[in-house]
Amino acid sequence: EYMGGGCPDMLRRPMILGVRTDRYAVFYLAKVTEGIDKAQLTAVYDLQEDPKEIRNIVRKVKPEQIQTERALFAQRFAQIQQNFAHAKHAFNDPAYR
């Protein structure tokens, strides 16, 4: 997970979430306050053909090719959302620091 430079404001800023398997490295842009259906697939790298992750094949890959990675992303995103629900303002409230 990466929130980008600056202060991590999880209420407004999307995070970059990456999933890596032996075959693909897949990256999504997602907001913790929105559902998984709003997550944007931003990059896909075929690690067997392109181990240095130079060629982004996000426009060429078919959804069924990255089903495993999508399932892993969904699982991790659900965990993040659950944790966020318990401490919604932890990053924005000085009382939590």
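**Group meeting: a walk through the sheet, the rings and the salt bridges**

Hi everyone, let me start with one residue pair: M15 stands opposite A30 in β2. Before I go on, please keep in mind that this is a predicted model. The mean pLDDT of the protein is 84, and 77% of its residues reach 70 or more. Confidence is highest in β3, at 97, and lowest in α1, at a mean of 89.

Now, back to the strands. M15 belongs to β1, where the side chains alternate. M15, L17 and V19 point to one face and are buried, while I16, G18 and R20 point to the other face and are not buried. Further along, V19 has V26 of β2 standing opposite.

How many bridges join β1 to β2? There are six, and the two strands run antiparallel, with β2 covering residues 24-30. The link between β1 and β2 is a hairpin through three residues.

Let me zoom out to the whole sheet. Three strands make up an open sheet in the order β1-β2-β3, and the pairing is antiparallel. Which strands stand at the edges? Those are β1, residues 15-20, and β3, residues 40-46; each has a single partner strand, so one side of each is left without a neighbour in the sheet. On average, neighbouring strands here are turned by 15 degrees against each other, direction ignored.

Next, the rings, which I suspect some of you have been waiting for. A pair of aromatic rings is described by the distance of the centres and the angle of the planes. The count here comes to three aromatic pairs. Take F27 and Y45: their centres are 6.3 Å apart with 75 degrees between the planes, and the pair is edge-to-face. F27 sits in strand β2 and Y45 in strand β3, so this pair ties together parts that are 18 residues apart in sequence. Are these two rings buried or exposed? F27 is partly exposed, because its relative accessibility is 22% and buried means under 20%. Y45 falls on the other side of that cut-off: with a relative accessible area of 15%, Y45 is buried.

Now compare the geometry of another pair, Y28 and F73. Here the ring centres are 4.0 Å apart and the planes are at 15 degrees, so this pair is stacked. What does the pair connect? Y28 lies in strand β2 and F73 in helix α1, residues 67-86, so parts 45 residues apart in sequence are tied together. Both Y28 and F73 are buried. If you are following on the structure, look for F77 as well, as Y28, F73 and F77 form one aromatic cluster.

On to the charges. There are two salt bridges in the structure. In one of them, the side chains of E53 and R20 meet at 2.6 Å, N to O. These residues come from distant parts of the chain, 33 residues apart: E53 is in the loop between β3 and α1, and R20 is in strand β1. You have already met R20 as one of the β1 residues whose side chains are not buried. In numbers, R20 is exposed, with a relative accessible area of 52%, whereas E53, at 23%, is partly exposed.

For the other salt bridge, the side chains of D46 and R23 meet at 2.7 Å, N to O. This pair also links distant parts of the chain, with D46 in strand β3 and R23 in the loop between β1 and β2, 23 residues apart. So which partner is buried here? D46 is, because its relative accessibility is 9%. R23, at 31% relative accessibility, counts as partly exposed.

One last stop, and then I'll let you go. Q65 is found in the loop between β3 and α1. With a relative accessible area of 38%, Q65 is partly exposed. What does Q65 touch? Leaving out residues up to four places away in sequence, Q65 touches Y24 and K60. Q65 and Y24 are 41 residues apart along the chain, and their C-alpha atoms are separated by 9.1 Å.

To leave you with one picture: an open three-strand sheet in the order β1-β2-β3, and a stacked ring pair, Y28 and F73, that ties β2 to α1. Thanks for listening!

Technical notes: Residues numbered from 1 in each chain as written. Predicted model: local features only at pLDDT ≥ 70, side-chain atom pairs only at ≥ 80, totals over all residues. Heavy atoms only, no water. Pairing = 2+ DSSP bridges. Helix = DSSP H or I, 4+ residues; strand = E, 2+ residues; numbered from the N terminus. Axes fitted to C-alpha atoms, helices over the stretch in contact; angles between N-to-C directions. Phe/Tyr/Trp six-rings, centres within 6.5 Å; stacked < 30°, edge-to-face > 60°. Buried < 20%, exposed > 50% of the residue type's maximum accessible area, 1.4 Å probe, protein only. pLDDT = per-residue confidence, 0-100. Salt bridge = Lys/Arg side-chain N within 4 Å of Asp/Glu carboxyl O. Contact = heavy atoms within 4.5 Å.
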